[in-house]
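Good morning, everyone, and thank you for making the time. Before I begin, please bring up the chain on your own screens so that you can follow the residues as I name them.

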Amino acid sequence: MTRLLPFLLLTAVATAAEDAPTFRNDVLPILSKAGCNTGGCHGALAGKGGFRLSLFGYNPEADWNAITRESRGRRLDLGDPAASLFLTKPTTALAHKGGRRLAVDSEDYRLIARWIEAGAPPPRAEDARLTTLKVTPAGSILPKGASLPLTVTAVYSDGRERDVTRWAKLTSTDETVAEVAKDGTVKIIGPGQGAVSVWFSSRIVIASLTSPWEHDVPAGVFTAEPRENLVDRHVLDQLQRLHLKSSPAADDATLVRRLYLDLTGKLPTPEEAKAFSADAAPDRISRLTDDLMKRPEFTDYWTYKWSDVLLVNGGKLRPAAVKAYYDWVRTRVANNTPWDALARELVTARGSATENGATNFFAVHQDPETMAENVSQAFLSLSIGCAKCHNHPLEKWTNDQYYSFANLFARVRAKGWGGDPRSGDGQRTLYVLDQGDLIQPRTGRPQPPAPLDAPPIAMDDPHDRREVLAGWLASPANPYFTRAIVNRVWANFMGPGLVESVDDLRASNPASNEALLAALAEDLIAKKYDLRSLMKLIVTSRTYARSSRTLPENADDRRFYSHAFPRRLPAEVLSDAIADVTGVRDTYTEIALNDGSSEKTEAYKPGTRALQLADSAVRSYFLKTFGRNTRDITCECERSNQPSLVQVLNLSNGSTLNDKLAAKEGRITQLLAGNPAPEAIVEQAYQLCLSRRPTEKEKADFVSALATTDGLRPAVEDLFWTLITSKEFLFQH
């Protein structure tokens with residue numbers, strides 16, 4: 001019997017460990033819910049008080065080691081769990097700078113104590129893994145003031161389901177709509193479409209919440225609304241749920257101006273605006289859209305848009321490479337290359353930087369990690385950078401997934417570009433090795449290369465891993481790819497994206513109209529990623545044609561498209577619009593380099609429009625002041641449409657506008673050469689600037705001012721200055 005005692009003791013300990021709470025699935029969720037492993041506590045890079053945990057528990061093995069082995073194991077007392085620092089500190093039985101995080105009489109305290117009592121078993125490879133996270137109810141329609149308890153359920157690989165509500169982190173995505181308590185109870189505090197983001201063990205799910213406005217809008221109002229296409233159907237369905245009445249259609253002048261600016265970045269001429277108003281055919285918008293898409297200005301505008309996303313930047317590329325890259329993008333826009341084909345060609349590009357412009361996408365991304373992050377941002381609208389150091393705190397991507405994704409680019413290499421970095425030849429060749437891997441710093445080993453949410457590639461496969469990436473990336477089965485480009489295009493025409501911001505398609509940032517986003521994505525897939533068909537679908541909808549004038553029943557709407565949302569013209573569009581009206585164009589003669597210096601360029605001839613600039617590094621005080629995208633990173637945040645005092649001063653007394661109005665070769669000189677009557681001057685000014693005729697009052701006021709002035713030209717300059725600096729000119733509406 002004496003000889004059997006050690007064996008029986010070992011067996012008892014092993015049995016207790018099997019029945020004990022697990023570190024991975026039981027202890028770590030408690031630490032995360034208590035905030036112990038957040039960036040402001042022990043999850044900080046340097047930890048706190050000499051104790052460091054991985055952020056949100058992304059590295060269970062390292063956390064277990066820190067708790068049980070560091071500081072000579074003094075944090076645990078296996079013989080007396082209640083005496084463990086791991087329990088006495090968070091309960092404040094001993095002084096704790098982080099305050100009380102755990103109650104002695106709580107189930108969480110007892111669970112950790114049981115884990116310690118069982119010998120603090122480590123995370124094991126055979127531990128059940130979380131496979132699914134569910135929240136119920138997943139969607140609700142509730143009036144203001146109502147409350148609703150949410151339940152979070154974790155499903156594990158061993159088939160076990162567990163209520164984890166008390167360990168999950170629940171966050172309202174819109175606190176003007178709902179607030180959520182620690183116990184999972186949601187309270188509706190205002191109208192709108194909101195959601196609760198639920199985080200547990202690096203998994204995220206969403207519970208959607210709808211709270212209608214208290215407007216009394218009869219159902220017949222929505223029934224009577226015309227539905228031109230799927231856009232109108234889904235928008236009106238949501239407006240009816242929210243009790244938001246839609247604004248009437250915009251007038252012809254507003255609509256034609258909107259179409260020209262959104263499709264080509266250019267104001268319509270007075271003749272074009274008048275022709276649209278005179279056209280009474282029901283298909284006039286469709287025909288005008290087709291016509292505008294054939295124009296070189298359409299190609300200019302959308303080449304510029306995609307050059308922002310793909311980072312065509314002379315601060316990082318040599319002149320010949322910039323030209324090749326820009327020409328590559330422009331050719332694809334002009335040829336209406338399907339977006340999936342463009343993505344595949346770009347991601348797998350190789351060869352000379354001047355012969356295959358697409359290779360320059362990798363020239364502005366010099367390492368595998370940056371390549372991975374920018375491919376993800378450009379084509380998936382997913383920011384995975386946070387997962388480089390730890391599991392993503394706002395998304396499901398893990399640290400291992402990040403390095404698996406980045407390892408797809410580990411074999412991409414380039415040669416050339418020796419000598420003077422300012423030389424213009426741009427001779428650089430991109431090629432791919434048949435071996436080599438990126439090391440995962442946490443493990444010291446490479447992660448098997450794999451696209452996000454896709455099976456890994458064999459480590460010894462000699463083929464270009466980017467081919468597998470391209471197949472996954474641009475596949476209709478990849479939900480992120482299609483939704484990302486739909487959202488970008490939608491935001492161009494409608495102002496707010498269906499997901500805001502357009503670069504942020506994470507699961508915890510739901511769309512304002514999920515049904516519409518899904519329908520548009522399905523339609524784009526059916527149309528073989530023809531972006532022009534998507535654009536036409538949007539602009540021919542009744543939703544697009546609505547006035548920006550609000551009604552009492554929709555004045556509070558900021559994201560559901562019951563009316564148009566005014567937005568300031570982008571810097572380049574505004575610059576070209578001022579040049580078109582005044583008849584005087586800017587000249588672009590210098591390129592700004594990364595070191596802060598500049599160099600002369602002859603790439604842009606006199607008469608070049610801002611939207612024809614291949615390079616975001618071209619010096620322009622006006623474009624910089626009005627928020628041009630600097631193309632340093634793939635992010636819409638690089639462009640600013642926010643007003644500023646500097647912009648006001650630039651328009652008020654800066655040389656950009658005033659010098660153009662005073663120019664002897666400009667529009668005003670031409671206008672006055674025919675000695676027109678004051679009435680004709682006012683009419684022409686309004687048509688040029690605002691694409692409409694002046695109202696009777698506007699006309700009378702300006703005619704009176706022109707008739708009584710001592711000098712006609714200064715008065716005409718003042719007239720144009722007044723119109724150009726007005727909100728009606730500066731904003732798309």
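I will go through the overall build, the nonpolar cores, some salt bridges and the cavities, in that order.

What you are looking at is a predicted model, and everything I say about distances, contacts and volumes has been computed from that model. The chain holds 29 helices and 19 strands, and its C-alpha trace spans about 120 × 70 × 50 Å along the principal axes. Of the 733 residues, 53% count as buried, and among contacts with a separation of 6 or more, residues 24 or more positions apart account for 65%.

Let me turn to the interior. The largest nonpolar core has 150 residues, and the members that touch the most other members are Leu259, Trp306, Phe379, Phe493, Leu520, Phe720 and Phe729. Which helix gives the most to this core? That is helix H18, residues 479-494, which contributes nine residues. Phe493 deserves a moment on its own: once its neighbours within four places in sequence are set aside, Phe493 is in contact with Asp262, Leu263, Trp302, Met535, Ile538, Val539, Tyr544 and Arg567.

Apart from the largest core lies another one, of 48 residues, which includes Val135, Ala168, Ile188 and Phe200. I would like to use Ala168 as our way into that region. Ala168 sits in the loop between strand E5 (161-163) and strand E6 (169-172), and Ala168 counts as buried because its relative accessibility is 1%, under the 20% cut-off. Not counting residues up to four places away in sequence, Ala168 touches Lys33, Val152, Val198, Trp199 and Phe200. For a sense of the spacing here, Ala168 and Thr151 are 17 residues apart in sequence, and their C-alpha atoms are 9.7 Å apart in space.

Now to the charged side chains. In general, side chains of opposite charge can pair when their charged atoms come close. A search of the whole structure finds 42 salt bridges, and I have picked three of them to show you.

In the first example, Asp127 pairs with Arg124, with the closest N and O atoms 3.3 Å apart. Are these two residues buried or exposed? Asp127 is buried, with a relative accessible area of 5%, whereas Arg124 counts as partly exposed, at 32% relative accessibility. Both residues also belong to a network of salt bridges that links Arg24, Glu61, Arg124 and Asp127.

The next example brings us back to helix H18, where Arg488 forms a salt bridge with Asp503, the closest N and O atoms being 3.1 Å apart. This pair links distant parts of the chain, since Arg488 lies in helix H18 and Asp503 in the loop between H18 and helix H19 (514-526), 15 residues apart. Both Arg488 and Asp503 are buried.

In the last example, the side chains of Arg609 and Asp576 meet in a salt bridge with an N to O distance of 3.7 Å. Here too the pair links distant parts of the chain: Arg609 is in the loop between strand E18 (598-600) and helix H22 (621-625), while Asp576 is in helix H21 (residues 571-582), 33 residues away. Arg609 counts as buried at 6% relative accessibility, and Asp576 is buried as well, with a relative accessible area of 2%.

Finally, the empty space. How many cavities of 30 Å³ or more does a search of the whole structure find? The search finds four.

The largest cavity encloses about 110 Å³ of space, and among the residues that line it are Phe298, Trp302, Trp306, Arg332, Asn336, Leu531 and Met535. Helices H11 (296-310), H12 (319-334), H13 (339-347) and H20 (531-539) each supply at least two residues of that lining, which divides into eight nonpolar, two polar and two charged residues.

The second largest cavity has a volume of about 60 Å³, and its lining is made up of Arg258, Phe493, Met494, Thr543, Tyr544, His563, Ala564, Phe565 and Arg567. Five of those residues are nonpolar, two are polar and two are charged. Please note that Phe493 appears here again, and that Tyr544 and Arg567, which also belong to this lining, were among the contacts of Phe493 that I listed earlier.

Note on methods. Residues are numbered from 1 along each chain as its sequence is written. This is a predicted model: local features need pLDDT of at least 70, side-chain atom pairs count only at pLDDT 80 or more; totals for chains, interfaces and linings use all residues. Side-chain values use heavy atoms; hydrogens and water are left out. A nonpolar core is a set of buried Ala, Val, Leu, Ile, Met, Phe, Trp, Tyr and Cys residues joined through side-chain atoms within 4.5 Å. Buried means under 20% relative accessible area, exposed over 50%, partly exposed in between (1.4 Å probe, protein chains only). Helices (H or I, at least four residues) and strands (E, at least two) are DSSP runs, numbered from the N terminus. Contact means heavy atoms within 4.5 Å. A salt bridge is a side-chain nitrogen of Lys or Arg within 4 Å of a carboxyl oxygen of Asp or Glu. On a 1 Å grid over the protein atoms alone, a cavity is a set of points where a 1.4 Å probe fits but cannot get out, and a pocket is an open set with protein on both sides within 12 Å along at least five of seven lines; lining residues have an atom within 4 Å of a point. Grid points are joined across faces, edges and corners, and a volume is the space filled by probe spheres set on the points. Ala, Val, Leu, Ile, Met, Phe, Trp, Tyr, Cys and Pro count as nonpolar, Asp, Glu, Lys and Arg as charged, and the others, Gly among them, as polar.
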